[in-house]
Amino acid sequence: MKTQTISRQNGIALLTVMFILVLATTLSVAMVRELNLGIKRIDYTRENGQVYFYALGVESWALGRLKKDRQTDTTNGKMDHLKEQWNQKIKLQIVDKNAKVSGQISDLQAKFNINNLRAETDVKPPPVNSDKAKKQPTPPPPKTDPAPGSEKPTASAKKKPPKPKLKKTSRAQLEYLTRILNKLDIPTNLAYAIADWVDSDKVVRFPGGAEDTDYLSLNPPHRAPNNQIASITELRMIKGMKEKYYNKLKPYIIALPTATKVNVNTAPAVLLQSLSPSFDAQTASNIIEYRGNKPFKSPKEFMLYIKTITGKKEVAPREMENLISVSSEYFSSHATIIMKQARIDLISLLLRNQVSTRVIRRGLRAL
Ligand SMILES: [Ca+2]
Ligand SMILES: [Ca+2]
């Protein structure tokens, strides 16, 4: 009886020891796993930080290359074309052998700048008050003309709503976009909706325009910004824009902070072909072949060349000349860094002008 009790107690003790052993093993495995996860997390954070700084390095490389190009341009003539050194995708060798680093510079003026349309109704502030000030010298309070937005609708303002005056060059920009859409088999009415989206007035263009009233009835409701756009992705919100149209148009458009001209030394066939209603695919391919051997040194030289290949005078040569340039101020650099588990795509908007070469903005695309 006594020996039975002792062996039962031994059995319980053994079970308890085994239970403690299992518990200790489980705990230590969990701790090791947690520790490993912690180490991996630290590694991952470190790698992410590293790839970002490598990407900034590529951006600096791009700025340096563009500066160097400008120095060459000052001796050879200010032009930017596809055979210049900046237009080469490069793979950079760096000390860190775990990292694959590549970079590419692109000319953003090889695209149509949507913000060019904005100038169309960028009428100078209506001179309602300045006229009054000239005719009535008596009222002393306003020292300067009040800001255009601060005016209350007075009786005189109601009588004469300011009419948007179309500038020649900007009408040409709208027609240019219309031709680009046409070449891409996108409904051309979209050009008017895009123009309404960025222009400062609320007058709906015909045909196909859209202003606040069209967007306020949507779910969720919103307004037209009536301002410059910061990114072409905004165009997805425009009335009539479908995903398939947007995807077709995306490679040919850009949103830049100032009005720009299309560089005929870098522009793709669609943009060249759309420069004039009288151009066709053959005209564009002739231009591309010619500039491959002899990039255009000035817009005038381009116009002369056009005359020789079309054999006729353009309907509006001055308007076309206003659309084009042979050099560029806006570029982008695209840095891709792959390192173990981290990858980064840094896209930077670069401005190179008379004053400096600098970064305007940058965006991250971590995949
Ligand atoms: Ca150049
Ligand atoms: Ca508008």
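**A β-hairpin, a shared core and unusual backbone geometry**

Strands β7 and β8 form a hairpin in which 2 residues lie between the strands, and K340 in the turn has a positive phi of about 50 degrees. The structure described here is a predicted model. Strand β7 comprises residues 330–339, and its pairing with β8 is antiparallel, extending over 10 bridges. One of the bridged pairs joins I337 to I344, the latter in β8.

The side chains of β8, which spans residues 342–352, follow an alternating pattern. On one face, A342, I344, L346, S348, L350 and R352 are buried. R343, D345, I347, L349 and L351 point to the other face and are not buried. I344, the bridge partner of I337, thus belongs to the buried face of the strand.

The turn residue K340 is located in the loop between β7 and β8. K340 is exposed, since 12 other C-beta atoms lie within 10 Å, and 12 or fewer is the criterion for exposure. Its phi, near 50 degrees, is positive although K340 is a residue other than glycine. In general, most residues other than glycine have a negative phi, and most peptide bonds are trans.

A second residue with a positive phi, N226, also shows a value of about 50 degrees without being a glycine. N226 is placed in the loop between α6 and α7. With 16 C-beta neighbours inside 10 Å, N226 counts as partly exposed. The loop between α6 and α7 (243–249) also contains P220, and the peptide bond joining N219 and P220 is cis, with omega about 0 degrees. A further cis peptide bond runs from F206 to P207, with omega near 0 degrees. P207 lies in the loop between α5 and α6 (212–216).

With respect to the chain as a whole, the secondary structure amounts to 11 helices and 9 strands. Of its 367 residues, 28% count as buried. Among contacts between residues at least 6 apart in sequence, 65% join residues at least 24 apart.

The largest nonpolar core contains 62 residues, and A55, L177, I194 and V264 have the most contacts inside it. Helix α5, formed by residues 190–198, gives the most to this core, contributing 8 residues. Residues of the core come both from domain 1 (16–111 + 267–367) and from domain 2 (112–123 + 161–261), so the core lies between the two domains. V264, one of the residues with the most contacts inside the core, touches L272, I287, F296, F302, I324 and V326, when residues up to four places away in sequence are not counted.

I287, one of the residues touched by V264, is buried in helix α9 together with A284 and R291. These three residues cover an arc of only 60 degrees around the axis, which puts them on the same side of α9. The buried residues of α9 pack against α8 (269–273). On the other side of α9, A281, Q282, E289, G292 and N293 are exposed. Helix α9 consists of 13 residues, 281–293, and at 1.5 Å a residue it should span 18 Å; the end C-alpha atoms are 19 Å apart, which agrees with this expectation.

Conventions
Residues numbered from 1 in each chain as written. Chains lettered and ligands numbered in written order. Predicted model: local features only at pLDDT ≥ 70, side-chain atom pairs only at ≥ 80, totals over all residues. Core = buried A, V, L, I, M, F, W, Y, C linked by C-beta atoms within 7 Å. Buried ≥ 20, exposed ≤ 12 C-beta atoms within 10 Å, placed from the backbone. Helix = DSSP H or I, 4+ residues; strand = E, 2+ residues; numbered from the N terminus. Domains from an automatic or database assignment. Contact = placed C-beta atoms within 7 Å. Expected span 1.5 Å × (residues − 1). Arc of directions from axis to C-beta. Pairing = 2+ DSSP bridges.
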